[in-house]
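Work through the following exercises with the sequence and the coordinates side by side, and try each task before reading its solution.

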Amino acid sequence: MTELQIWLNQTLGGELVFTGLVSMLPVVELRGGIPFGVGIGLPLPLAVLASIVGNMLPIPFLILFTRRVFAWLRRHIPALGGFISRLEKKAESKKKLVLKYEFWGLLVLVAIPLPGTGAWTGALVAALMDLRLKSAVPAIFCGVLVAAAIVSCIVLGLLPV
């Protein structure tokens with residue numbers, strides 16, 4: 001094993017970083033990060049903390065740059081146009097909830113730990129709706145906290161899967 005692998009797998013700091021990195025991944029997010037962190041030996045509170053931080057780190061950047069990145073990709077890599085259109089269509093399908101309930105709609109969209117929801121989806125919806133960071137990030141953060149509580153209850157066996 002390399003020194004990096006040893007550090008990631010055998011030190012508290014490495015396990016925290018590793019859990020945060022897993023939680024940064026789209027689709028996986030903290031829904032996978034919390035069980036992962038617990039699975040590699042972190043106490044639940046530390047796994048939750050690392051997962052929340054990891055899940056939230058990319059969110060402001062996604063809100064700020066998604067539209068520009070999509071436009072650039074469409075111009076320079078036309079083969080990705082269909083994929084980008086699917087992402088936009090997915091966000092559009094969630095848009096009604098956010099438009100109707102604003103802060104609470106975005107919070108609920110992020111909080112429900114099911115496929116097609118989460119912080120990445122919330123950030124995509126916020127970006128495509130041109131929501132400002134100061135309104136989108138707090139709603140997404142609160143949704144991430146609720147999702148962390150739900151996932152923690154599942155990990156503890158308090159909620160059925």
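The exercises below concern a predicted model, and they take up its pocket, its cysteines and its salt bridges in turn.

**Exercise 1. The pocket**

Determine which helices contribute at least two residues each to the lining of the largest pocket, and how that lining divides by residue class.

Solution. Begin with the pocket itself, whose volume is about 340 Å³. Of its 16 lining residues, the closest to the centre are Pro26, Leu87, Lys90, Trp120 and Leu124. Next, assign the lining to secondary structure: at least two residues come from each of helix H3 (29-39), helix H5 (59-76), helix H6 (81-101) and helix H8 (119-128). Finally, sort the lining by class, which gives nine nonpolar, four polar and three charged residues.

**Exercise 2. The cysteines**

Decide whether cysteine 142 is paired or unpaired, and state how far away the nearest cysteine sulfur lies.

Solution. The relevant bond is a covalent one between the sulfur atoms of two cysteines. A search of the whole structure returns zero disulfides. For cysteine 142, the nearest cysteine sulfur belongs to cysteine 153 and is 17 Å away, and because a disulfide requires sulfur atoms within 2.5 Å, cysteine 142 is in no disulfide. Cysteine 153 is likewise in no disulfide, with the sulfur of cysteine 142 as its nearest at 17 Å. As a last step, consider exposure: cysteine 142 has a relative accessibility of 29% and therefore counts as partly exposed, and cysteine 153, at 26%, is partly exposed as well.

**Exercise 3. The salt bridges**

For the pairs arginine 67 with aspartate 130 and arginine 74 with glutamate 88, work out which parts of the chain each salt bridge ties together.

Solution. Side chains of opposite charge can pair when their charged atoms come close. The whole structure holds four salt bridges. In one of them, arginine 67 meets aspartate 130 at 3.5 Å, N to O. Arginine 67 sits in helix H5 and aspartate 130 in the loop between H8 and helix H9 (133-155), so this pair links parts that are 63 residues apart in sequence. Arginine 67 is partly exposed at 40% relative accessible area, whereas aspartate 130 is exposed at 55%.

Turn then to arginine 74 and glutamate 88, whose closest N and O atoms are 2.7 Å apart. Arginine 74 belongs to helix H5 and glutamate 88 to helix H6, so the pair joins parts 14 residues apart in sequence. Arginine 74 is partly exposed at 33%, and glutamate 88 is partly exposed at 23%.

**Exercise 4. A further pair**

Establish whether glutamate 29 and arginine 31 are buried or exposed.

Solution. The side chains of glutamate 29 and arginine 31 form a salt bridge at 3.6 Å, N to O. Both residues, glutamate 29 and arginine 31, are buried.

Notes
Residues are numbered from 1 along each chain as its sequence is written. This is a predicted model: local features need pLDDT of at least 70, side-chain atom pairs count only at pLDDT 80 or more; totals for chains, interfaces and linings use all residues. Side-chain values use heavy atoms; hydrogens and water are left out. On a 1 Å grid over the protein atoms alone, a cavity is a set of points where a 1.4 Å probe fits but cannot get out, and a pocket is an open set with protein on both sides within 12 Å along at least five of seven lines; lining residues have an atom within 4 Å of a point. Grid points are joined across faces, edges and corners, and a volume is the space filled by probe spheres set on the points. Helices (H or I, at least four residues) and strands (E, at least two) are DSSP runs, numbered from the N terminus. Ala, Val, Leu, Ile, Met, Phe, Trp, Tyr, Cys and Pro count as nonpolar, Asp, Glu, Lys and Arg as charged, and the others, Gly among them, as polar. Buried means under 20% relative accessible area, exposed over 50%, partly exposed in between (1.4 Å probe, protein chains only).
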